[in-house]
Each structure stands twice: as C-alpha cells, then as structure tokens.
Amino acid sequence: SASETSQWRPSVCFTPERNWMNDPNGMVYFKGEYHLFFQHNPYGDQWGNMSWGHAVSTDLVHWKHLPVALEPDELGDIFSGCAVVDHHDTSGLFGGRPGLVALYTSAGDTQQQSLAYSSDRGRSWTKYSGNPVIPNSGEADFRDPKVFWHAATNRWVMSLAVGDRIRFYGSPNLLQWEQLSEFGANHGAHGGVWECPDLFRLPVDGDDRRGKWVLIVSINPGGPAGGSGMQYFLGDFDGTTFTPDAAPDDVLWADEGADFYAAVSWSDVPDGRRLWLGWMSNWSYAADVPTSPWRGGMSAPRELELVSTAAGTRLAQQPVTELERVRRNRRAWSGTVSEQGGAPNTEGTALDVVAEFQLAGATATSFGFDVFANDSYRTRIGYDVTRQELFVDRRSSGRTTVHSSFPARHTVPLPPTDGVLRLRIVLDRANVQVFGDRGQAVITDLVFPDDGSTRASTFAIGGEVTVQALEVFDLDA
Ligand code: FRU
C-alpha cells in the first residue's frame, strides 16, 4: 500500500515481514542454523497476543522467515525466554537424542516459567505437560529465563528477572528447578524494572585464564539515553552466587544510544564466539515508530569480548565478521578534514564505514561524519576531542516527531588509548550503530531520514584532523 515505508526497511538488520516485534528470544545455534525467535504480535502492529516469531540463518546476515513457533495458551501469553540444546537428553524428552528446549515466561494472571521442546530443528514445538516448571510465588515481575549448562557443577543454571533483582536457579534436567541465590540489592542502576538477564564467561583481551563472568541486565526505564537501556556487571560466578567486582555505585552500560534493548546471547555457538543482538527500539516510543507494515527491528549481530582499558575491564562489541561478506564497492581515502572539506561525499542508505583519525596533532574540537544527509537534514556522528566522548546527534535526522525524547544527542565517554581514534559505523537505512575503538563505546540509534537524505560526508569543527585510513562500503545482503 501507499503507506508502506520501504525506505526505512533495513537491508542487513533483521525485521519481521509484518506486524509488531520486540525482544529477541530463544537464540540458539543448532545443526548449522542460527535461530532467532522474537516477541511478536502475529495479528497487529502494536504489542499484544505475545507469541514467538521465528527466523533462521546460516550466516547471521540472510534470514529465512518461518511460521510462528509458540502461541498463547491457557497459561497466558508467551513472553521472553531462551532456548538451549539438550545435548545429552538430560530432560528425557528426546529418547536419548539431542533436542531443543525453550524456556519462556507464561504471562497470564501471573508470570511463571514454562518449557517447550522440539525434535525437528525448531520447526514444531510441544509444550511440556507439567508447565509451569517454575510457578509464581507472589512476584508481579517474574520473567525472562535465560539458561546455560554450568559444567563445573554439572547442572543447568537459569538467570531470571524478579522485580529489580536477578535470581539464579539450578536444575539437573531443565524440568525441576531450585533457587540458588539472588543478586542486585546493593548494585547497579535501579531506575526501572530489571528484564532479560544473561550470564556468561568471557576471556579478557583474548586470555581465558584472566576470564570474567558477565551478567547482563536490561532496565526500563532508567537507561543512559532515557527509557530502556542495558547495564552489565563483571565479576565471578561459582555456580551458585554472582559476586561483582565493582563498587555498589558503579554502573556500566553496554550501549549508550537510545535503541539497544533486551539483547541476549546465542547458546551453543560452535566456535566459542559469544554473539548477541538486541531489539533496536525503546519502550518510550516503540509503539510510535513510524514504519509499516512492520514495527520493530533488531540490531546487527555482534561479537562480545572483554577488553582492558585505562578505566578497567570493559565489555566490547563489534559487528560479526559475517557482515563483511556483503560489503560491496569499496571506497578508500586518507587526508585532512577541515571546515573547508574532507573526504569525497558518499551516497548510500546501507553503508559500512571504517575510519582511523589521528588525535595527535588534531586541532579540531570535534570531527566525524554527517550521514543520511541532504541540505536540510543530517545525523551527526562524531568525536568531541575536548570532552573525549563519542556522540550521535539525531536532532535533525528527519522524522523526529516520534516522541518528545527522540530529537536528542547521545554521548559515551571514550578516552583515547593510543593517539588514534577508531570508528566503525554501520548505517542501515533507519539506524546508526557506532562502535568506538575496540567496541567498548557503542551508540545505537534509530533515525528516520527525510526522503533524499542519502549523503555521507566527513566534518571537522574548529580546526583540522588527519584521517589516516577511511574505507566505505555498500552493504548489499
Ligand atoms: C522486555 C520485556 C520482557 C518481557 C517482554 C514482553 O522488553 O518487557 O521483560 O518478557 O518484553 O513482550
């Protein structure tokens, strides 16, 4: 129809064919396929009738849409949750063979945790006859189970969001769960309800002996850019209790844009990479996002690492390397950017930008890129040299009437590490994803560019900056 907004349909980031989508769910790799389930209303473009939509991919870039996997039942709607490979049939549901088990929240009169299983590579699901596997015990917000196999204690461990705490449970078989511990009373941001936890261990700077446990917690509201946001905790997990490294008031954010939420990682990725993606929206205005016939999109899949920085160990994210396979039409440049000009303009609506700016010798007070630009509109992505912070300014990015909080400038601290400022930017028609340095500073923002706002160009203010390397690619999935 005439009202379809195909100009805002991302080309590499996942969107549902039509209707409403929020959180990623049930992310698991099994028999050559990455599964992506998602919170979905199959019947409308507003939140409701919550079900698990489903798509699969062999390369994290091209997605095949599959029928809805889980629909509401007598226990309620199907809220967020996870899927794991039950390799050794600990559940006894698979006759000794491996199978897929999904754990999700049944949201009816109360929120409870339920289980479904699939013996046909996720194509059909059977709900467990003993649901719920964790009944409600009085809590209003009691949801979003995320499970992994904890080898050292030989059991499954579940993280669950309960109010503004994370509760851990253990199980030998995915069916019977006992409470292990609770985290959060004395740590983190508490400006909203905690949702969608995840817990995993990562090496530091690639060294597994210096590994740390990472506890991921979405919070809404109370995020750094207003509304929904994602905090994380670094520490130790002994199979029962999570012990954070940080002082109680230290809050670490995974992404300081407005539109990265409910990200959780894929289970069972074979090469040991820890991969995730997030819902690219914000509960402040998700219902008003002006796209049709779909509403809601995912970020690009990202690989997670821990890196040492001057401020301490930090979570770092970069787009998965698979994205590089759909790069086309390489343009390379180096030289000086000033108020008089810089790199040649690029046209494009899905671009991958890799840039290295020399901070040593830079006289500019800020520099970077104007993207999705024409003579009246632009989204400005830059580095403020004086304040040592990365920013995305979407105040005149096009359609900004989405919500009063939409026209905004988002920032994240990024102290220089070695005199060179590295930026990786993925632009995908209606979003910008900016990764600073090794990916320890990230800003993900939706934008709705005005018709014809397709130009990308460099800018510098107050002086000059030298670009030692710049590559721009089209992304063509
Ligand atoms: C997070 C969330 C989850 C819940 C789901 C409902 O965005 O609120 O806590 O399970 O969305 O759709």
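Which domains does the domain assignment of the chain give?

1. The structure is a predicted model, and the points below should be read with that in mind. The domain assignment divides the chain into domain 1, which covers residues 6-319, and domain 2, which covers residues 322-475. The C-alpha centres of domain 1 and domain 2 lie 30 Å apart, and the contact between them takes 36 residues from domain 1 and 35 residues from domain 2.

2. On the side of domain 1 that touches domain 2, β21 (302-309) and β22 (312-319) each supply at least two residues. The largest share of that side, five residues, comes from β22. Sorted by class, the residues on this side of domain 1 comprise 18 nonpolar, eleven polar and seven charged.

3. The ligand is surrounded by N22, D23, Q39, M50, F79, S80, T105, R143, D144, E195, C196 and A262. Two or more residues of this shell are given by each of β1 (19-30), β5 (77-86), β9 (142-150) and β13 (193-204). By class, the shell around the ligand holds four nonpolar, four polar and four charged residues.

4. One open sheet is formed by four strands in the order β5-β6-β7-β8, with antiparallel pairing. Because β5 and β8 (126-127) stand at the edges with a single partner strand each, one side of each is left without a neighbour in the sheet. Within this sheet, β6 (residues 99-107) and β7 (residues 111-118) pair in the antiparallel sense over eight bridges, and the student can locate this pairing by finding L103, whose bridge partner in β7 is L115.

5. Another open sheet of four strands runs in the order β9-β10-β11-β12, and its pairing is antiparallel. Here β9 and β12 (178-183) stand at the edges, each with a single partner strand, so one side of each has no neighbour in the sheet. From one strand to the next, the twist averages 25°. Strand β9 pairs with β10 (residues 155-162) in the antiparallel sense over seven bridges, and V147 has M158 as its bridge partner in β10.

6. Is strand β31 (residues 431-436) mostly covered or mostly open? Strand β31 is mostly covered, since six of its six residues are buried. The side chains can be followed in two sets: N431, Q433 and F435 point one way from β31, while V432, V434 and G436 point the other way, and all are buried.

7. Strand β31 takes part in two hairpins, which are best examined in turn. With β30 (residues 420-428), β31 pairs in the antiparallel sense over five bridges, and R424 stands opposite F435 in β31. The hairpin of β30 and β31 has two residues between the strands, and R429 in the turn has a positive phi of about 70°. With β32 (residues 441-446), β31 pairs in the antiparallel sense over six bridges, and the bridge partner of Q433 in β32 is T444. The hairpin of β31 and β32 has four residues between the strands, and D437 in its turn has a positive phi of about 55°.

8. A last point concerns S457, which lies in strand β33 (residues 455-461). S457 counts as partly exposed because it has 16 C-beta neighbours inside 10 Å. Leaving aside residues up to four places away in sequence, S457 touches N345, F369, D370 and A373. S457 and L202, by contrast, are 255 residues apart in sequence and 37 Å apart in space, C-alpha to C-alpha.

Key
Residues numbered from 1 in each chain as written. Predicted model: local features only at pLDDT ≥ 70, side-chain atom pairs only at ≥ 80, totals over all residues. Domains from an automatic or database assignment. Contact = placed C-beta atoms within 7 Å. Nonpolar A, V, L, I, M, F, W, Y, C, P; charged D, E, K, R; others polar. Near = placed C-beta within 6 Å. Pairing = 2+ DSSP bridges. Buried ≥ 20, exposed ≤ 12 C-beta atoms within 10 Å, placed from the backbone. Axes fitted to C-alpha atoms, helices over the stretch in contact; angles between N-to-C directions.
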